[in-house]
Amino acid sequence: MPKSETDLIIIGAGPAGLTAAQYGARANLKTLVIEQFAPGGQALLIDVLENYPGNVDQRDFEGRVIAGPKTGFEFSQDLHRQAQAFGASFVSGSVTSLQKAGNEFTVTLASGETLSAPAVIIATGAAHRCLNVPGEKEFAGKGVSYCATCDGPFFRNKKIWVIGGGDAACDEAQYLSRLTSKVILVHRRDRFRAQKALAERVMRNQNIEVRFNTTIREIRGGQKVTSLVLERTGNDGRGNGEVYEEAADVVFIFAGTVPQSALVAGNGGDGGLSAGLDENAYIITGQNMASSVPGLFAAGDVRAGSFRQVVVAAAEGAVAAHSAAAYIDEINS
Ligand code: NAP
């Protein structure tokens, strides 16, 4: 079989993929990144990346603040430029299948183009999870949103609902509370899953009303969302099991994520790869990010056990590229 022109293909250009690209290129591997949309992945949606080490405000020599910490968008652009500067190449496209024959992987794009390399890093991340309540699909883009920084500015001074109790819900509720004084954060349990610091900030925020023990049953409206049907599920002093309807201009849903691992789930019926997945379909790897398929690595939110933070995704991308370089050396020796 002829040797491919590319050493390392990285699928996905979030923080994991972009960092892997940088490390792959720096290790002298001919590195190609395939990205479906814009480089940055979910990090693009982050308002201020306040918990990335070193990403603090910029000060002049007299200590005056001259610029704030980078946004997710700025950070992603920097990662992209950095990977390119080290020699990584980028192609835009949607990967439809990933196969392996001998020591060579073949990646097929929706355009029909095929690319091959001896090592592949899956850094496809995770997508938002839907609630699957009536009205969610129907009103998507008409008052149902999964991205506060994208859609929040359209709802200044409106009644904004946020669903979820994790870091994303708390972070985004904080962001939205700068646009309106009427943010209502609904969580199904009696405490947040979010990091303590974030959760406490939300509880102190005068513009956010928190409703614990509450679930959303339905999203209603006409041309756009006008109300939500909610249920008080717990004994939080408001009563039990009461169902009520309340006006809404928009609802932002942050109910967690699902891994984008279908490419290696082996269920495409096209002889696609089957890597070991955990019960929630995250890719299982060792500490070196190697999956059960030799030459196939995973990094970031798609990987089982990953602590889903930008800093962790970046670190895993670096480890995956380092391991891929070692693997390529081994098969070539
Ligand atoms: P998450 O931590 O999985 O939280 C999802 C939230 O949605 C949970 O509170 C969950 O409730 C709730 N939920 C799930 N299904 C639901 C349903 N059907 N109905 C109602 N509520 C439902 O997800 P995330 O907040 O999107 O965060 C994903 C990952 O990214 C996490 O690892 C997080 O740490 C990371 N992240 C970090 C930051 C940051 O560091 N600033 C920001 C955003 C995200 P239960 O609590 O009852 O399960």
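**Glu74**

I looked up Glu74 and found that a polar atom of its side chain lies 2.8 Å from the backbone nitrogen of Thr71. The model I am reading is predicted. I placed Glu74 in helix 2, which covers residues 72–85. I then checked the exposure of Glu74: its relative accessible area is 38%, so I noted Glu74 as partly exposed. I also took one C-alpha separation here, 9.6 Å between Glu74 and Leu49, which are 25 residues apart along the chain.

**Ser145**

I moved on to Ser145, which belongs to strand 11, residues 144–145. Is Ser145 buried or exposed? I recorded a relative accessible area of 3%; the cut-off for buried is under 20%, so Ser145 is buried.

I listed the polar contacts of the Ser145 side chain. The side chain meets that of Asp151 in a polar contact of 2.6 Å. The Ser145 side chain also reaches the backbone nitrogen of Cys147, at 3.1 Å. For contacts I set aside neighbours within four places in sequence, which left Asp151, Val251, Phe252 and Ile253 as the partners of Ser145. Asp151 thus appears twice in my notes on Ser145, as a contact and as a polar partner through its side chain.

**Ligand surroundings**

I turned to the ligand and noted 19 residues around it. Which of them come nearest? I wrote down Asn51, Asp167, Arg189, Arg193 and Arg308. I sorted the shell by class and got four nonpolar, eight polar and seven charged residues.

I then went through polar distances to oxygen atoms of the ligand. For Gly165, a backbone N or O atom lies 3.0 Å from a ligand oxygen. For Gln195, a polar side-chain atom is 3.0 Å from an oxygen atom of the ligand. For Gln309, an N or O atom of the side chain is 3.0 Å from a ligand oxygen. I closed this entry with the area: the ligand taken alone exposes 910 Å², and the protein buries 77% of that.

**Aromatic pairs**

I found three aromatic pairs in the structure and opened one of them, Phe297 with Tyr327. The ring centres are 6.2 Å apart and the planes stand at 70°; with edge-to-face set at over 60 degrees, I entered the pair as edge-to-face because of that angle. The pair links distant parts of the chain: Phe297 is in strand 20 (residues 296–298) and Tyr327 in helix 6 (residues 310–332), with their positions 30 residues apart. I checked the exposure of both and found Phe297 and Tyr327 buried.

**Two asparagines with positive phi**

I looked up Asn157, whose phi is near 60°, a positive value in a residue other than glycine. I located Asn157 in the loop that runs between helix 3 (148–151) and strand 12 (160–163). Its relative accessibility is 59%, and the cut-off for exposed is over 50%, so I put Asn157 down as exposed.

I did likewise for Asn213, which is not a glycine but has a positive phi of about 50°. Where is Asn213 placed? I found Asn213 in the loop between strand 14 (208–211) and strand 15 (214–221). The relative accessibility of Asn213 is 11%, so I put Asn213 down as buried.

Technical notes:
Residues are numbered from 1 along each chain as its sequence is written. This is a predicted model: local features need pLDDT of at least 70, side-chain atom pairs count only at pLDDT 80 or more; totals for chains, interfaces and linings use all residues. Side-chain values use heavy atoms; hydrogens and water are left out. Helices (H or I, at least four residues) and strands (E, at least two) are DSSP runs, numbered from the N terminus. Buried means under 20% relative accessible area, exposed over 50%, partly exposed in between (1.4 Å probe, protein chains only). A polar contact is a pair of N or O atoms within 3.5 Å; within protein, one must be able to donate a hydrogen and the other to accept it, and residues adjacent in sequence count only if both atoms are side-chain atoms. Contact means heavy atoms within 4.5 Å. A residue is near a molecule or strand if one of its heavy atoms lies within 4 Å of it. Accessible areas come from the Shrake-Rupley method with a 1.4 Å probe; for residues, only the protein chains shown count as cover. Ala, Val, Leu, Ile, Met, Phe, Trp, Tyr, Cys and Pro count as nonpolar, Asp, Glu, Lys and Arg as charged, and the others, Gly among them, as polar. Rings of Phe, Tyr and Trp (its six-membered ring) pair if their centres lie within 6.5 Å; planes under 30 degrees apart count as stacked, over 60 as edge-to-face and the rest as tilted.
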